[in-house]
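Please work through the exercises below with the sequence and the three-dimensional view side by side, trying each task before reading its solution.

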Amino acid sequence: MGDSISSLPDEILGKLLSLVPTKVAASTSVLSKRWRNLLSLVDSLSFDESMVVYPNEEEATKGSQRFCDFVDKTLALLHNSPAIKTFSLCLTTTNPPVSTVIRNGDFSDMGPLWGGGGGTVVEHASIKRLVIATHVPHHIDYYLLLEYFENACQTVRFQAPSLVYLDYSSFVFRKYDVGDLDSLVEARLSLKLWRSTSHYDYDDDYYYDYNGSLCDDDDPSPPIFGDVTCLVAAIRNITTLHLSPDSLEVFHFCCKSMPIFNNLLNLSIESNNQNGWQVMPLLLKSCPNLQTLVFKGLVHKVTNRCGDACACNPQNPSLKNSKKMKKKKKICCLQTCPVKVLEISDYGGCFQEVEQMRHFLGNLKCLETVKVGVVPDNKGKNAEFLRANLMNLPKLSSKCTIQLL
């Protein structure tokens, strides 16, 4: 019996190779002459170093270099390919920069693309899906971080008018040059600040030391690096937005003006106890047609800047020695939020979570459906207690029903 797959038309084989990782697709070129030039027909490129397992640190360094060389050579081979619709590059910070940029029908040696690292340039008229991810550990070698920071002082440029889906993960850059992404439907952002913002937990104008004491007026505020204003403005027409916990703080500290997301229907937020919700009031007010609000976790860092989007009760340990901050009574941002569906996952039923649910249910007047996913440890008998607790919370909306998942 002959090789029935090899007898398929080139266009079909190109589609099949587009479905597998690019490294696998490239390896088929050694099968026979029939497969030698088929890689140029793929419409999707996917490079993911996180899937590579190295036996030790020495091999990881060598293997990382070989991986980057493979990416460079593959893009050089496809420099005239107009068929690329999807590009995905996921690298670890232990590797050197990949010396490529993506241009319209051309992948050329014009600067480093470091998985969202230095000098990223994406200029492509037909690309529809773009994934650029950097796997950055919490604890990283200082000199490696310094080298990465030097790259981050460059400008990230996105010019992709046909882009439909963007997944971008990186440390925040000095500047973003982004054209209008009018075709963009969904964006997933995981942006990370270069340093802790705990100095500003109680006020954006004054900052505090790590013991919570107010610094002298003569002390300069620690600079917050990066400006994502252009990037955020460019995605204003999306219908679905996913934000990581770090992205919330980046939006707050590094976005000079928040656009109005008139088309945004679905907003998904990840939360943890290391990052605050400072930007939440402004973000919710900027989504006048929001229908579904999703939270992966409700616990977040308590700050004095979360406003009325949460039920935080911040306690500044040195408030008696600091300048008191005046609070103006305003209409709660949740009361003007048109959200009809609220979805919560990883719900544990702790005090902060219960109070946050009380705050949501008591202020979201358009709410119709609340879906709560309980953490596995709280299922069973404990789930009944959580259910009863949630059902007894007062609800502003008479149409609201609660489902415990």
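The exercises that follow concern a predicted model, and each task is followed by a solution in steps.

**Exercise 1. Confidence in the model**

Find the mean pLDDT of the protein, and say which element has the lowest mean pLDDT and which the highest.

Solution. Begin with the whole protein, whose mean pLDDT is 77, with 70% of its residues reaching 70 or more. Then go through the elements: strand 4 (residues 106-108) has the lowest mean pLDDT, at 42, whereas strand 11 (residues 240-243) has the highest, at 98. Finally, look for stretches where the value stays under 50; one of them is residues 94-101, for which the model nevertheless has 39 contacts beyond four places in sequence. Residues 317-327 also have a pLDDT below 50, and this stretch has 19 contacts in the model beyond near neighbours in sequence.

**Exercise 2. The two sides of helix 1**

Determine which residues of helix 1 are buried, and where they lie around the axis.

Solution. First list the buried residues of helix 1 (residues 10-18), which are Leu13, Gly14, Leu17 and Ser18. Next consider their directions: these residues cover an arc of only 145° around the axis, so they are on the same side of helix 1. The face turned away from that buried side carries the exposed residues Glu11 and Lys15. The last step is to ask what the buried residues pack against, and here the partners are helix 2 (22-27) and strand 1 (44-48).

**Exercise 3. Salt bridges between separate parts of the chain**

Count the salt bridges, and work out which parts of the chain are tied together by the pair Asp180 and Arg236.

Solution. With a cut-off of 4 Å between a side-chain nitrogen of Lys or Arg and a carboxyl oxygen of Asp or Glu, the count comes to eight salt bridges. In the pair of Asp180 and Arg236, the closest N and O atoms are 3.5 Å apart. Asp180 lies in the loop between strand 9 (175-178) and strand 10 (186-192), and Arg236 in the loop between helix 5 (229-234) and strand 11, so the pair ties together parts that are 56 residues apart in sequence. As for accessibility, Asp180 is partly exposed at 48%, and Arg236 is partly exposed at 29%.

A further salt bridge joins the side chains of Asp246 and Lys192, at 3.8 Å from N to O. Because Asp246 belongs to helix 6 (residues 245-254) and Lys192 to strand 10, this pair ties together parts 54 residues apart in sequence. Asp246 is partly exposed, with 22% relative accessibility, and Lys192 is partly exposed with 24%.

The side chains of Lys256 and Asp227 likewise meet in a salt bridge, at 3.5 Å from N to O. Lys256 is in the loop between helix 6 and strand 12 (266-270) and Asp227 in the loop between strand 10 and helix 5, which places the two residues 29 apart. Lys256 counts as exposed, at 71% relative accessibility.

**Exercise 4. An aromatic pair and its cluster**

Classify the geometry of the pair formed by Phe173 and Tyr176, and name the cluster that contains these residues.

Solution. The count of aromatic pairs comes to five. For Phe173 and Tyr176, the centres are 6.1 Å apart and the planes are at 70°; since an angle over 60 degrees counts as edge-to-face, the pair is edge-to-face. Phe173 is buried, with a relative accessible area of 0%, and Tyr176 is buried with 2%. Together with Phe158 and Tyr168, Phe173 and Tyr176 form one aromatic cluster.

**Exercise 5. The surroundings of Cys287**

Decide whether Cys287 is buried or exposed, and find which residues it touches.

Solution. Start by placing Cys287, which is found in the loop between helix 7 (280-285) and strand 13 (292-296). Its relative accessibility is 0%, so Cys287 counts as buried. Leaving out residues up to four places away in sequence, Cys287 touches Phe261, Leu264 and Pro338. To relate this exercise to the salt bridges, note that the C-alpha atoms of Cys287 and Arg236 are separated by 9.8 Å, although the two residues are 51 apart along the chain.

Key. Residues numbered from 1 in each chain as written. Predicted model: local features only at pLDDT ≥ 70, side-chain atom pairs only at ≥ 80, totals over all residues. Heavy atoms only, no water. pLDDT = per-residue confidence, 0-100. Helix = DSSP H or I, 4+ residues; strand = E, 2+ residues; numbered from the N terminus. Contact = heavy atoms within 4.5 Å. Buried < 20%, exposed > 50% of the residue type's maximum accessible area, 1.4 Å probe, protein only. Arc of directions from axis to C-beta. Phe/Tyr/Trp six-rings, centres within 6.5 Å; stacked < 30°, edge-to-face > 60°.
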